[in-house]
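Welcome! Here are some short exercises to work through with the structure open beside you. Try each task before reading its solution.

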Amino acid sequence: RIFWLIYTAFSLGSLAGAMVIIHVVPYAEDLDIPALAAAFIVSLIGISNIAGRIGIGAIVDRVGVKATLFSCFLAQAACTWMLLKASSLWQLYAIAVAFGFSYGWIALYAPTVGEFFGMERVGSILGALGTSFGLGAVIGPALAGVIFDVTRSYFTAFTIGALMSLLAALLIALIKG
């Protein structure tokens with residue numbers, strides 16, 4: 001049961017994260033942000049994700065995997081919703097930095113396996129759990145693209161992404177221990 005809660009949460013978190021990363025540039029361009037400035041948003045996400053992986057690693061050592069994952073998924077949801085309210089380039093840049101940091105949760109695959117399943121089976125469990133990232137990364141951007149094509153807006157897609165991040169947090173909260 002714990003494996004499937006984690007697997008689903010990681011899939012949803014990946015889905016929501018990849019949705020934003022792939023579609024934030026055209027979203028910004030729809031706000032009349034010049035293409036080069038919009039493309040820099042993805043760079044900021046990547047740079048802050050490096051800091052997020054390191055910072056979140058330090059946080060997990062203090063408060064544990066469950067609390068850290070829960071907080072990261074909540075922050076990812078908040079950042080995705082904030083994108084929908086952003087109206088200027090500096091706001092998009094600030095959200096990108098916060099989003100990239102919170103998306104640092106992806107560095108927690110191995111610590112999650114170690115904490116909930118022990119180190120004796122880390123290889124097989126980590127291999128299976130690792131597919132959750134690919135699953136989410138394939139579905140999220142495609143889903144957002146279809147939704148945009150139908151609605152001509154990113155509002156619904158990003159709202160779904162934020163809700164998926166919230167659901168990921170809820171699934172993590174359901175884990176006993």
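Buried means under 20% relative accessible area, exposed means over 50%, and partly exposed lies in between (1.4 Å probe, protein chains only). The model is predicted, so local features need pLDDT of at least 70 and side-chain atom pairs count only at pLDDT 80 or more, while totals for chains, interfaces and linings use all residues. Residues are numbered from 1 along each chain as its sequence is written, and side-chain values use heavy atoms, with hydrogens and water left out.

**Exercise 1. Two loop residues**

Task: find where Arg152 sits and decide whether Arg152 is buried or exposed.

Solution. Start with the location: Arg152 is in the loop between α6 (122–151) and α7. Helices here are DSSP runs (H or I, at least four residues), numbered from the N terminus. Next, take the accessibility: Arg152 counts as exposed because its relative accessibility is 57%. Finally, look at the backbone: phi of Arg152 is near 60°, a positive value in a residue other than glycine.

Now repeat the steps for Asp32. Asp32 belongs to the loop between α1 and α2. With 69% relative accessibility, Asp32 counts as exposed. Phi of Asp32 is also positive, near 70°, and Asp32 is not a glycine.

**Exercise 2. Three helix residues**

Task: for Met19, Ala38 and Thr159, name the helix and list the contacts.

Solution. Contact means heavy atoms within 4.5 Å, and residues up to four places away in sequence are not counted.

- Met19 lies in helix α1 and is buried at 0% relative accessibility. Met19 touches Gly140, Pro141, Leu143, Ala144, Ala157, Phe158 and Gly161. Although Met19 and Gly161 are 142 residues apart along the chain, their C-alpha atoms are separated by 7.0 Å.
- Ala38 is in helix α2, and its relative accessible area of 0% makes it buried. Its contacts are Val25, Ala28, Glu29 and Ile33. The C-alpha atoms of Ala38 and Ile2, 36 residues apart along the chain, are separated by 39 Å.
- Thr159 is in helix α7 (residues 155–173) and counts as buried at 18% relative accessibility. Thr159 is in contact with Trp81 and Leu84.

**Exercise 3. A helix pair**

Task: describe how α2 and α3 pack.

Solution. Two packed helices are described by the angle between their axes and the distance between the axes. Helix α2 (residues 35–63) and helix α3 (residues 65–85) pack at an angle of about 135°, and their axes are 7 Å apart. That makes α2 oblique to α3. Under 35 degrees counts as roughly parallel, over 145 as roughly antiparallel, 65 to 115 as roughly perpendicular, and the rest as oblique. Axes are lines fitted to C-alpha atoms, for helices over the stretch in contact, and angles run from 0 to 180 degrees between N-to-C directions.

Then pick out the residues: Ile56, Ile59, Val60 and Val63 in α2 meet Val65, Ala67, Thr68 and Cys72 in α3.
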